[in-house]
Amino acid sequence: MVVAMAHNVTHPAETFKNIVAWDDWASGHGDRAVGKMVGGVLLFGAGKAAKDLLGKGEHAGGEHAPEAKVAKTREERIAAVHDIVTEDNGSIRGSAGKSRGVKVVDTDELGKMVDDARSRLGPPDKLAHTPKGTVETWTISDDPRASVTYRTYSGSGGDTLDINRVEGLNNVKRYHIESEGKQ
């Protein structure tokens with residue numbers, strides 16, 4: 001697709017001729033030219049309509065999901081992690097797990113947190129596929145070193161979101177799924 005776009009930009013006359021079906025007009029086949037042009041307009045319109053319908057940022061609840069700005073600076077990334085792990089009322093998400101710093105959430109809640117991390121922090125800085133599962137890591141700060149890691153496995157058997165030394169979140173180390181054995 002990129003190659004075609006580059007070709008269209010570097011050959012504008014040829015692109016224009018294709019859009020208006022120039023060869024068909026020149027050879028006396030105006031009916032064919034109109035058909036190609038109308039078909040192109042209809043396809044463009046259908047594509048735009050589909051994009052409008054599918055790209056409204058709706059999620060399963062039917063509410064509009066606001067576009068999140070990807071955090072770039074250290075301060076923005078720390079604030080994004082704080083937003084990811086806190087409820088609307090400001091309290092830390094989840095209930096206390098069996099170990100200090102471990103929080104327990106249900107599968108849907110952890111999924112929302114991971115989706116928020118991907119949305120707010122952008123693509124992971126590191127992505128690894130291991131025999132145990134997938135690991136996604138976002139660097140929050142290099143100095144002091146801080147990160148957020150999502151992994152599809154843990155010693156307790158379930159998906160885990162690790163909060164590693166993020167400033168201001170000293171009481172949260174990890175999120176586990178509530179039904180996954182030991183926390």
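Leaving aside its neighbours within four places in sequence, which residues is S154 in contact with? S154 touches T160 and H176, and we will come back to this serine below. First, a word of welcome: what you have in front of you is a predicted model.

## The chain as a whole

Let us start with the overall layout. The chain has 183 residues, and buried residues make up 30% of them. Its secondary structure comes to six helices and seven strands. Reading from the N terminus, the order of the elements is α-α-α-α-α-β-β-α-β-β-β-β-β. If you consider the contacts with a separation of 6 or more, 38% of them are between residues 24 or more positions apart.

## Two helices side by side

A good place to look next is the pair α5 and α6. Helix α5 covers residues 74-85 and helix α6 covers residues 107-121, and their axes are 9 Å apart. The two helices pack at an angle of about 160°; because an angle over 145 degrees counts as roughly antiparallel, α5 and α6 are roughly antiparallel to each other. Their crossing is right-handed.

Which residues of α5 and α6 meet? From α5 come R77, A80, V81, D83, I84 and V85, while α6 brings M113, D116, A117, R120 and L121. Sorted by character, the residues of this contact are seven nonpolar, no polar and four charged.

## The loop after α5

Moving on along the chain, you reach the loop between α5 and β1, where β1 spans 95-96 and T86 has its place. S91 is found in this loop between α5 and β1 as well.

Is T86 buried or exposed? T86 has a relative accessible area of 18%, so it is buried. A polar atom of the T86 side chain lies 2.7 Å from the backbone oxygen of H82. Beyond its neighbours within four places in sequence, T86 is in contact with S91, I92 and R93.

S91 is partly exposed, at a relative accessible area of 32%. Not counting residues up to four places away in sequence, S91 touches V85 and T86. The S91 side chain also makes a polar contact with the side chain of N89, at 2.7 Å.

## Back to S154

S154 sits in the loop between β5 and β6. With 12% relative accessibility, this serine counts as buried. The side chain of S154 reaches the backbone oxygen of G158 at 3.1 Å. There is also a polar contact of 3.4 Å between the side chains of S154 and T160, and T160 is one of the residues listed in the opening answer.

## R165 and its surroundings

Where is R165 placed? R165 belongs to the loop between β6 (160-164) and β7 (174-177). Its relative accessible area is 61%, so R165 is exposed. Apart from neighbours within four places in sequence, R165 is in contact with R145 and A146. The backbone oxygen of R145 lies 3.5 Å from a polar atom of the R165 side chain. S147 is 18 residues away from R165 along the chain, yet their C-alpha atoms are separated by 6.9 Å.

The backbone has two details to point out here. Most residues other than glycine have a negative phi, and most peptide bonds are trans. R165 has a positive phi of about 55° although it is not a glycine. The peptide bond from D143 to P144 is cis, with omega near 0°. P144 lies in the loop between β4 (134-142) and β5 (145-151).

## Side-chain contacts at a glance

The table gathers the polar side-chain contacts described above.

| Side chain | Partner | Distance |
|---|---|---|
| T86 | H82, backbone oxygen | 2.7 Å |
| S91 | N89, side chain | 2.7 Å |
| S154 | G158, backbone oxygen | 3.1 Å |
| S154 | T160, side chain | 3.4 Å |
| R165 | R145, backbone oxygen | 3.5 Å |

Key: Residues are numbered from 1 along each chain as its sequence is written. This is a predicted model: local features need pLDDT of at least 70, side-chain atom pairs count only at pLDDT 80 or more; totals for chains, interfaces and linings use all residues. Side-chain values use heavy atoms; hydrogens and water are left out. Axes are lines fitted to C-alpha atoms, for helices over the stretch in contact, and angles run from 0 to 180 degrees between N-to-C directions. Helices (H or I, at least four residues) and strands (E, at least two) are DSSP runs, numbered from the N terminus. Angles under 35 degrees count as roughly parallel, over 145 as roughly antiparallel, 65 to 115 as roughly perpendicular and the rest as oblique. A crossing is left-handed if the near helix is turned anticlockwise from the far one by less than a right angle, and right-handed if clockwise. Contact means heavy atoms within 4.5 Å. Ala, Val, Leu, Ile, Met, Phe, Trp, Tyr, Cys and Pro count as nonpolar, Asp, Glu, Lys and Arg as charged, and the others, Gly among them, as polar. Buried means under 20% relative accessible area, exposed over 50%, partly exposed in between (1.4 Å probe, protein chains only). A polar contact is a pair of N or O atoms within 3.5 Å; within protein, one must be able to donate a hydrogen and the other to accept it, and residues adjacent in sequence count only if both atoms are side-chain atoms.
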